[in-house]
Amino acid sequence: MQAFTARDAPLADRIRAITIHAEATAQALGLDAAGVAEIRLTARLHDLGMAAVPDRILALPSRLDPDDWEFVRRHPLVGELIVAATPALEGVAAAVRSSHERWDGAGYPDGLSGAAIPLASRVVLVCAAFAAMTRERPYARARSEDEALAELRRGAGAQFDAEVVEAFAGTMSAA
């Protein structure tokens, strides 16, 4: 992780924010210490496979073309392989693989839907989407926290697990 985030300093800040939000959301969902720890690790490691994506793709100032997007869509598989190579993290590997799956089945890499997606993955997806929406990107302006929460709520039940979105929103109003 250190080598990966050293390559992209803002990424370290984004992963830290996602991890903080994911841990708070896990607690809001009433998970026990082991469940919170699994979600924290998934959040920290969910984009580890991006280390295999060439810098030229990561640095593009615009949206990805279909070929580049297909390359990026493989990063959860690479992340799963890296995480699974550490015996103590084997349980997190499946959640890393599924961290870009959508509640409605339109995600990747496996097109899982609903409760078939590990809870840790569903939590990380919401937190990562919020982090992406609230930061400036070359192709999209940063949204306010209120705008991002509204977008998460619009996607609840389709892109996102509605229960996770509401737990996340509750942590934002408590902050």
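1. Which residues of the largest nonpolar core touch the most other members? In this predicted model, the residues that do so are V126, F130, L149, L152, F160 and F168, and the core to which they belong counts 27 residues. Two or more residues of this core come from each of the elements α2 (9–28), α3 (33–45), α8 (119–133), α9 (145–155) and α10 (162–174). The largest share belongs to α8, which supplies 11 residues.

2. As for the overall fold, the protein chain holds 10 helices and zero strands, so that, read from the N terminus, its elements run α-α-α-α-α-α-α-α-α-α. The radius of gyration is 15 Å, close to the 16 Å given by the globule rule for 175 residues, and the chain is therefore as compact as a globular protein of that length. Measured out along the principal axes, the C-alpha trace spans about 40 × 40 × 30 Å.3. Some totals for the whole chain help to place the details that follow. Of its 175 residues, 42% count as buried, and the chain exposes about 8800 Å², of which carbon and sulfur atoms supply 54%. Among contacts between residues at least 6 apart in sequence, 54% join residues at least 24 apart. The chain carries 18 positive and 24 negative charges, and the mean positions of these two sets are 3 Å apart.

4. Within the largest core, F130 deserves a look of its own. Leaving aside neighbours within four places in sequence, F130 is in contact with H21, E145, A148, L149, L152, F168 and M172; of these partners, L149, L152 and F168 are also listed with F130 among the core residues that touch the most other members. Apart from this core lies another one, of seven residues, including V83, L89, A93 and V96.

5. Helix α7, which covers residues 90–97, has V92, A93, A95 and V96 buried, and A93 and V96 are also among the members of the seven-residue core. What covers the buried residues of α7 includes α3, α6 (75–84) and α8. As a general point, an α-helix has 3.6 residues a turn, so residues three or four places apart point the same way.

6. The loop between α7 and α8 contains both S98 and P109. Is S98 buried or exposed? With a relative accessible area of 4%, S98 is buried, because the cut-off for that label is under 20%. Not counting residues up to four places away in sequence, S98 touches L112, I117, P118 and S121. In the same loop as S98, P109 is joined to Y108 by a cis peptide bond, with omega near 10 degrees. Most peptide bonds are trans, and a reader may therefore wish to look at this one in the model.

7. Two residues in helices α2 and α3 may be taken together. T19 has its place in helix α2 and counts as buried at 8% relative accessibility; leaving aside neighbours within four places in sequence, T19 is in contact with R40, A43 and R44. G35 is found in helix α3, where it is buried with a relative accessible area of 15%. The C-alpha atoms of G35 and L119 are separated by 9.1 Å, although the two residues are 84 residues apart along the chain.

8. R153, in helix α9, counts as partly exposed at 44% relative accessibility. Which residues does R153 touch, not counting those up to four places away in sequence? The partners are V165, E166 and A169. Between the C-alpha atoms of R153 and A33, which are 120 residues apart along the chain, the separation is 27 Å.

9. The loop between α8 and α9 is represented here by S144, which counts as partly exposed at 35% relative accessibility. The C-alpha atoms of S144 and T134 are separated by 6.0 Å, the two residues being 10 residues apart along the chain.

Definitions and conventions. Residues numbered from 1 in each chain as written. Predicted model: local features only at pLDDT ≥ 70, side-chain atom pairs only at ≥ 80, totals over all residues. Heavy atoms only, no water. Helix = DSSP H or I, 4+ residues; strand = E, 2+ residues; numbered from the N terminus. Rg over C-alpha atoms; globule rule 2.2 N^0.38 Å. Buried < 20%, exposed > 50% of the residue type's maximum accessible area, 1.4 Å probe, protein only. Contact = heavy atoms within 4.5 Å. Areas by Shrake-Rupley, 256 points an atom, 1.4 Å probe, with all protein chains shown as cover. Lys, Arg positive; Asp, Glu negative; His and termini not counted. Charge placed at Lys NZ, Arg CZ, Asp CG, Glu CD. Core = buried A, V, L, I, M, F, W, Y, C linked by side-chain atoms within 4.5 Å.
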